[in-house]
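Trainee: I would like to go through this model one question at a time. Where should we begin?

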Amino acid sequence: YVEVSDEAGTGYPFDAAQSDEKQKQLLVLTLKKAPPENTRMTVTLKAGARSDAESLGTAQSDGSHSFHTLKPFSLEDIDTDGRSYGKYTNPVRFRFSHRLAPSLDPAKLAAAVRTEPAMPVTAANVEADGSVLTVFGLPVTFDQQYTITLAAGAVSDVYGRPFADAAGPET
């Protein structure tokens, strides 16, 4: 009475179990094969489905719910809006699609940042917060042209996926 499929129509076998004693109305489906990233999945409750032999069946038509699997880890934007405040002078923000891994080493991040012309970038002026990597305190002046690049593999998301491309240039 239940089917799980992807956008290409491929069916996914699963194990089904009740959630727990407190939530008997919930059914937990555990897929036997992991679906690929970036895929639309649909769970369909077929018409007439029943929880047991004495129960009335569901509506005469199928009911379904769709969701999207994890999307690829990507760079969404590089922001150099120029707003400076406190320690965040001349900030450059690399905005990613997913939260960054909390274990990122600021010294390794600083080593992965390149600027042209060359500028000092240290662990003290690199900060990862949520899905944003901020490089700040760059010795630039208003309207100065420069390029900043983040090396490929320098950051990873909370799922352990490294960002494979170099990010930049941005001036």
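Mentor: Begin with the accessible surface of the chain, about 10700 Å², as found by the Shrake-Rupley method with a 1.4 Å probe. The model is predicted, so local features need pLDDT of at least 70 and side-chain atom pairs pLDDT 80 or more, while totals for chains, interfaces and linings use all residues. Residues are numbered from 1 along each chain as its sequence is written, and side-chain values use heavy atoms, without hydrogens or water. Of that surface, the share belonging to carbon and sulfur atoms is 51%.

Trainee: In what order do the helix and strands of the chain run?

Mentor: Helices (H or I, at least four residues) and strands (E, at least two) are DSSP runs numbered from the N terminus. The chain has one helix and twelve strands. From the N terminus on, the order is β-β-β-β-β-β-β-α-β-β-β-β-β.

Trainee: Is the chain compact or spread out?

Mentor: The C-alpha atoms fill a box of roughly 75 × 35 × 25 Å along the principal axes. For 171 residues the globule rule (2.2 Å times the number of residues to the power 0.38) gives 16 Å, and the radius of gyration, taken over C-alpha atoms, is 24 Å. That is well over the rule, so compared with a compact globule the chain is more spread out.

Trainee: Which element gives the most residues to the largest nonpolar core?

Mentor: Such a core is a set of buried Ala, Val, Leu, Ile, Met, Phe, Trp, Tyr and Cys residues joined through side-chain atoms within 4.5 Å; buried means under 20% relative accessible area, exposed over 50% and partly exposed in between, with a 1.4 Å probe and protein chains only. The core has 24 residues, and Phe94, Phe96 and Leu133 are among those that touch the most other members. Strand E7 (92-96), helix H1 (106-111), strand E10 (132-135) and strand E11 (147-150) each supply at least two residues. The element that gives the most, with three residues, is E7.

Trainee: Asn90 has a positive phi. Is Asn90 buried, partly exposed or exposed?

Mentor: Phi of Asn90 is near 50 degrees, and Asn90 is not glycine. Asn90 lies in the loop between strand E6 (75-79) and E7. Its relative accessibility is 25%, so Asn90 counts as partly exposed.

Trainee: What is the relative accessible area of Asp143?

Mentor: Asp143, in the loop between E10 and E11, has a positive phi near 70 degrees. Asp143 is exposed, and its relative accessible area is 64%.

Trainee: Which peptide bond is cis?

Mentor: Look in the loop between strand E8 (113-116) and strand E9 (126-129), where Pro117 is found. With omega near 0 degrees, the cis bond runs from Glu116 to Pro117.
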